[in-house]
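Q: I would like to learn how to read a model of this kind, feature by feature. Could you take me through it with the general idea first and then the case at hand?

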Amino acid sequence: MPIKPHTLAWGIEQYRKSVVWKQLATATRRQRENIYRAACEKSGATRLGDITAHTIVAARDKRADTPHQANVFVKAMRAFFQWAAGPGALVAADPTVGVKLLKGRNDKVGFHTWTEAECAKFEAHWPLGTMERLAFDVLLYTGLRRGDAARLGPAHVHDGIIAMRMEKTGETVTLPLLEPLKASIAATPCGQTTFIASAHGRSFVKESFGNWFRKACQAAGVPGSAHGLRKAGATRAAEAGATELELMALYGWTSAKQAGVYTRAANRRRLAISAAPKLVRAEKSDQ
């Protein structure tokens with residue numbers, strides 16, 4: 001059935017043809033594509049002019065039980081309508097203006113950062129040679145996001161150096177293949193094109209890898225996630241003295257803002273440890 005002009009489905013189709021859409025990172029397009037597909041299946045015949053802030057808020061609130069997913073939906077619709085009200089010239093006004101994101105219970109801290117005890121517990125449960133342990137080692141000793149970790153393979157390693165273009169930012173990260181990861185790769189029957197693979201030897205896509213790794217965490221009795229392990233690595237590096245520039249290079253960050261979160265926390269920890277003994281009153285020695 002042909003798509004009627006000036007409907008949501010028609011507008012999304014125009015957006016996909018735009019330069020703005022093509023300039024988005026592959027991971028961002030994939031995530032938003034899923035949202036747009038679901039929205040068009042349900043409301044694709046709705047005229048763009050009939051979509052108001054109330055419409056967006058109602059759709060957001062239907063997802064209120066999962067605040068993160070609700071906010072991802074709002075961000076995707078905001079990106080579309082900003083284009084539609086601007087370069088696309090499809091609507092007179094952006095209906096997402098003023099629509100607020102929902103607050104989740106982890107908004108202030110984000111993903112749980114693995115503790116050293118949790119890392120040790122996972123390692124004890126999943127020994128060298130298991131695919132679960134290899135995934136853990138890839139995430140911890142490269143700092144890659146889950147999508148890039150799932151793509152990492154022999155083609156990215158030359159003369160002991162890993163070089164990979166980040167799916168999200170487009171930045172290229174270059175880092176040494178650290179000994180713990182090298183040993184883990186050698187001990188594990190890897191996939192043909194990627195180090196991490198399913199039981200059938202197939203490579204994971206980002207979403208399935210994240211779900212698989214979360215199950216591995218649950219089996220080990222730790223409350224971790226792939227992203228939380230990335231944060232643990234950044235914390236470990238910062239506490240060992242890594243600078244903001246070093247963290248930016250390692251994690252592919254394009255600004256010092258994210259790196260500063262870890263270096264400031266590490267500096268506070270070092271200063272507190274240094275300052276704590278000063279709380280103890282020095283005892284006077286007998287003369």
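A: Let us begin with a hairpin: S2 and S3 form one with 6 residues between them, and in its turn Gly-170 has a positive phi of about 80°. Strands here are DSSP runs (E, at least two residues) and helices are DSSP runs too (H or I, at least four), numbered from the N terminus. This is a predicted model, in which local features need pLDDT of at least 70 and side-chain atom pairs count only at pLDDT 80 or more, while totals for chains, interfaces and linings use all residues. Residues are numbered from 1 along each chain as its sequence is written, and side-chain values use heavy atoms, with hydrogens and water left out.

Q: In what sense do S2 and S3 pair, and over how many bridges?

A: Two strands are said to pair if DSSP finds at least two bridges between them. S2 and S3, the latter covering residues 172–176, pair in the antiparallel sense over 5 bridges, and within this pairing Ile-162 stands opposite Leu-175 in S3.

Q: Which residues stand opposite each other where S1 meets S2?

A: S1, residues 157–158, pairs with S2 in the antiparallel sense over 2 bridges. His-158 stands opposite Ile-161, and Val-157 has Ile-162 as its bridge partner. The hairpin of S1 and S2 has 2 residues between the strands, and Asp-159 takes a positive phi near 55° there.

Q: In what order do the strands lie in the sheet?

A: The sheet is open and is formed by 3 strands in the order S1-S2-S3, with antiparallel pairing. S1 and S3 each have a single partner strand and stand at the edges, so one side of each is left without a neighbour in the sheet.

Q: Which side chains of S2 are buried, and which are not?

A: Buried means under 20% relative accessible area, exposed means over 50%, and partly exposed lies in between (1.4 Å probe, protein chains only). Along S2, residues 161–165, the side chains alternate: Ile-162 and Met-164 point to one face and are buried, whereas Ile-161, Ala-163 and Arg-165 point to the other face and are not.

Q: How should I read burial along a helix, and which residues of H4 are buried?

A: An α-helix has 3.6 residues a turn, so residues three or four places apart point the same way. In H4, residues 53–61, the buried residues are Ile-56, Ala-59 and Arg-60. Seen down the axis of H4, these buried residues fall within an arc of 105° (taken from the directions from the helix axis to the C-beta atoms), so they line one face of the helix. What covers them, judged by contact (heavy atoms within 4.5 Å), includes helix H5, residues 67–85.

Q: How many salt bridges does the structure hold, and which parts do they link?

A: Side chains of opposite charge can pair when their charged atoms come close. A salt bridge is counted when a side-chain nitrogen of Lys or Arg is within 4 Å of a carboxyl oxygen of Asp or Glu, and the structure holds 8 of them. One of these joins Glu-33 and Arg-16 at 2.8 Å, N to O; Glu-33 is in helix H3 (residues 26–43) and Arg-16 in helix H1 (residues 8–16), 17 residues apart. Glu-33 is buried, with a relative accessible area of 19%, and Arg-16 is partly exposed at 29%.

Another salt bridge is that of Arg-30 with Glu-167, whose closest N and O atoms are 3.3 Å apart. Arg-30 lies in helix H3 and Glu-167 in the loop between S2 and S3, so the pair ties together parts that are 137 residues apart in sequence. Arg-30 counts as partly exposed at 34% relative accessibility, while Glu-167 is buried at 17%.

Q: What if a buried charged residue has no salt bridge, and where does Glu-118 find a polar atom?

A: Lys and Arg count as positive and Asp and Glu as negative, with His and the chain ends not counted. Glu-118, in helix H6 (residues 116–125), is buried yet has no salt bridge, as the nearest side chain of opposite charge, Lys-121, is 8.2 Å away. A polar atom of the Glu-118 side chain does lie 3.0 Å from the backbone nitrogen of Thr-115. Not counting residues up to four places away in sequence, Glu-118 touches His-112, Thr-113, Val-222 and Pro-223.

Note on methods:
Polar contact = N/O pair within 3.5 Å; in protein donor to acceptor, adjacent residues only side chain to side chain.
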